[in-house]
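Let's take a friendly walk through this structure, beginning with a sheet and the helices around it. Have the model open as you read.

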Amino acid sequence: MLAVRNLSFSYGQKSVLLDINLDCKPMLTAIIGPNATGKSTFLKCIAGLLKHRGKVILNGKRIYDGDSTGQVSYLPQDNGTPIALTVLEAVLLGMHQSLSWRVSQKDLDLAFGVLEDLGIEELSTRLLNQLSGGQQQMVSIAQSLVREPQVLLMDEPTSSLDLYRQLEIFNLIKKVTYEKNIITLVALHDLNLAARYADRMVVMSKGTIYDAGEPYAILTEDMIKTVYGVHADVYMDRDGLPVVVPKVSSSPAKRIQHRDTLGQRQPEKALGGVLTP
C-alpha cells in the first residue's frame with residue numbers, strides 16, 4: 001500500500017500541490033488532468049525528488065527524500081540529451097542501486113529479458129544518441145522496469161511513440177504491474193488511452209484531487225466540462241469502456257462565414273473577355 005498524507009508543495013510563494021491525500025494499491029492508476037495542474041510535480045514528490053510537506057508511506061514506512069532506493073522507480077517526461085552509451089549499458093545502469101563493478105550473468109539476463117519484453121533487443125548494441133525519440137523512450141522504460149520496483153511512476157511514457165508502440169507499451173506495463181504486484185502510477189493526457197488500460201483514475205485540478213475511482217465512473221461529461229473546460233460526449237464501447245469524443249464548436253461569426261463560403265458563389269468578374277468565378 002502506498003499512502004500519501006497531507007502532501008503539499010510550493011515553488012517559492014506559488015502553491016502547486018495543496019493537501020493531497022491518496023491511497024494506492026498494486027494496480028495501474030492513471031493520473032489525469034489539465035496542463036499545469038501538478039501531475040508531474042506530484043509524481044516527483046512521491047519519488048522523493050522534491051522536498052515537500054506531508055508524508056509518503058509505503059507498506060507502513062515513510063519514504064524520505066532521497067531514501068527510496070530499491071522501492072520507487074521514476075520515469076520523467078523529459079529524459080535529457082542521450083549520451084554515448086549502448087542500449088544495454090544504459091539499461092544496466094538502471095540497475096545501479098544493486099549493480100557491482102563486475103556485471104553478473106544474472107544482471108545481463110535481466111537486462112536482456114526486459115529488452116526482449118519490449119521488443120527492442122536488436123537495439124542492445126546501438127548507441128543511445130543514434131536512436132529515434134521513440135526508441136530512446138523505449139530504452140528509458142526498460143531502465144525503469146529493470147529495477148523491479150515496488151512503485152513505478154511514469155510521466156507521459158508514450159508521448160513520443162506511435163499508436164502501435166503506445167498500445168504495446170501499455171500492454172506490457174499492465175502485464176508487469178499484475179505479475180510483479182507493482183503500484184503503478186502513470187500521468188497521462190490521453191483520456192481514451194487511460195480509460196482502456198487504467199484500473200483506477202485520479203483526476204487532478206488546480207493542485208488538488210478532484211475525484212478518484214474506476215474509469216467508467218470518472219470519465220463523465222460533467223467532469224470533462226468542469227475540469228478541462230471542454231464539452232464532450234462520452235460513450236461506452238463494445239468492451240464497456242468509456243470513449244471521450246470532444247464536441248467541435250465555433251463562434252457564430254465563424255459559422256456564418258463558413259456557411260456563406262460553402263453555399264454562395266462570388267460574383268463573376270469579366271477579365272479579357274473570359275468569365276472567371
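## The sheet

In this predicted model, 6 strands form an open sheet in the order β6-β7-β8-β3-β9-β10, and their pairing is mixed. The edges are taken by β6 (72-75) and β10 (208-213); each has a single partner strand, so one side of each is left without a neighbour in the sheet. On average, neighbouring strands here are turned by 15 degrees against each other, with direction ignored.

## A look at one edge

How do β6 and β7 run relative to each other, parallel or antiparallel? They run parallel, and 4 bridges join β6 to β7 (residues 151-155). If you would like a spot to zoom in on, Ser73 stands opposite Leu152 in β7.

## Helices on the sheet

Which strands does helix α1 touch? Helix α1 (residues 39-46) packs on the sheet with contacts to β3 (28-32), β6, β7, β8 (183-187) and β9 (200-205). The direction of α1 makes about 150 degrees with that of β7.

Helix α5 (residues 163-179) also packs on the sheet, where it touches β3, β7 and β8. Between the direction of α5 and that of β3, the angle is about 130 degrees.

## The protein as a whole

Zooming out, the protein has 9 helices and 14 strands. Of its 277 residues, 41% are buried. Among contacts with a separation of 6 or more, 62% are between residues 24 or more positions apart.

As for the surface, the accessible area of the protein comes to about 15500 Å². Carbon and sulfur atoms account for 51% of that surface.

How values were computed: Residues are numbered from 1 along each chain as its sequence is written. This is a predicted model: local features need pLDDT of at least 70, side-chain atom pairs count only at pLDDT 80 or more; totals for chains, interfaces and linings use all residues. Side-chain values use heavy atoms; hydrogens and water are left out. Two strands pair if DSSP finds at least two bridges between them. Helices (H or I, at least four residues) and strands (E, at least two) are DSSP runs, numbered from the N terminus. Axes are lines fitted to C-alpha atoms, for helices over the stretch in contact, and angles run from 0 to 180 degrees between N-to-C directions. Contact means heavy atoms within 4.5 Å. Buried means under 20% relative accessible area, exposed over 50%, partly exposed in between (1.4 Å probe, protein chains only). Accessible areas come from the Shrake-Rupley method with a 1.4 Å probe; for residues, only the protein chains shown count as cover.
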